[in-house]
Amino acid sequence: IDLTGQFIMAKAVLPSMIKKGHGKIINICSMMSELGRETVVGYASAKGGLKMLTKNICSEFGEKNIQCNGIGPGYIATPQTAPLREIQPDGSRHPFDQFIISKTPAGRWGKLDDLAGAAIFLASDASNFINGHILYVDGGILAYIGKQP
C-alpha cells in the first residue's frame, strides 16, 4: 500500500492530467524516506521508494506541466500513536514518547493540522515551479543530531 497504491493511482490519473495540460500529485511520504530505525524496514523501504517515485514522476512529466511532490510527516499524534503517548502508571512518559520528544527540536509530536498547510501549498498555484520535492513536516527531527552529553 505505501508504494504500490500511489504507483497505481499515478498511472490512473496521469493520462487525464496530460490531456488537461496540468496536474498536481501529492504523495504522502515520510521522514522514514530518509532515516532508518529498527523494526520498520518494510515501511521505510516503501517510503524510500515513494520518494523516488515522486522524483521520477517529476522527471518524466514535468514538461507536461505536472508537479509531483510529497509531504514527509514526522511523528504525528493520531489515534494509532496514542498508546505511545500515554502517561505511564508511575506518571512518566512512555519510553518511545520520551525518545521522540528528545529528538524533535519542536519538543512535541506533530498534529494533523500541521500537515494541512503543506498540502494546501503543494496543491495551490503558489507551488507551480516546485517539482520533485519532499516537504518534511517533522518539527525539525531530520535536522537535529541530538543534545551533546
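In what order do the elements of the protein run from the N terminus on? In this predicted model, the order is α-β-α-β-α-α-α-β, made up of five helices and three strands. The C-alpha atoms fill a box of roughly 60 × 30 × 30 Å along the principal axes. Of the 149 residues, 36% count as buried, and the accessible surface comes to about 9,000 Å², with 60% of that area belonging to carbon and sulfur atoms. Among contacts with a separation of 6 or more, 70% join residues 24 or more positions apart.

A good place to begin a tour is strand S1, which spans residues 23-28. Six bridges join S1 to S2, and the two strands run parallel. Within this pairing, Asn 27 of S1 stands opposite Gly 70 in S2. Together with helix H2, the two strands make a right-handed β-α-β unit. The two faces of S1 can be told apart: Gly 23, Ile 25 and Asn 27 form the covered face, while Lys 24, Ile 26 and Ile 28 form the uncovered one. In a regular strand, side chains alternate between the two faces of the sheet.

Attention now turns to the interior. In soluble globular proteins, nonpolar side chains tend to be buried together. Here the largest nonpolar core has twelve residues: Ala 10, Leu 14, Met 17, Ile 25, Cys 29, Leu 50, Leu 53, Ile 57, Phe 61, Ile 66, Cys 68 and Ile 134. Helix H1 (4-20), helix H2 (41-61) and strand S2 (66-73) are the elements that give two or more residues to this core. The most comes from H2, with four residues. Ile 25, on the covered face of S1, is also a member of the core.

Cys 29, another core member, can be followed through its contacts. Leaving aside neighbours within four places in sequence, Cys 29 touches Lys 47, Leu 50, Lys 51, Thr 54, Gly 70, Ile 71, Gly 72, Pro 73 and Ile 134. Apart from the largest core lies another, of ten residues, including Met 31, Met 32, Ile 100 and Trp 109.

Ile 100 leads on to helix H4, residues 95-103, where Phe 96, Asp 97, Ile 100 and Ile 101 are buried. Seen down the axis of H4, these buried residues fall within an arc of 135 degrees, so they line one face of the helix. An α-helix has 3.6 residues a turn, so residues three or four places apart point the same way. The buried residues of H4 pack against helix H3 (82-85).

Definitions and conventions. Residues are numbered from 1 along each chain as its sequence is written. This is a predicted model: local features need pLDDT of at least 70, side-chain atom pairs count only at pLDDT 80 or more; totals for chains, interfaces and linings use all residues. Side-chain values use heavy atoms; hydrogens and water are left out. Buried means under 20% relative accessible area, exposed over 50%, partly exposed in between (1.4 Å probe, protein chains only). The arc is that of the directions from the helix axis to the C-beta atoms. Contact means heavy atoms within 4.5 Å. A nonpolar core is a set of buried Ala, Val, Leu, Ile, Met, Phe, Trp, Tyr and Cys residues joined through side-chain atoms within 4.5 Å. Two strands pair if DSSP finds at least two bridges between them. A crossover is right-handed if, with the strands pointing away from the viewer, the path from the first strand over the helix to the second runs clockwise. Accessible areas come from the Shrake-Rupley method with a 1.4 Å probe; for residues, only the protein chains shown count as cover.
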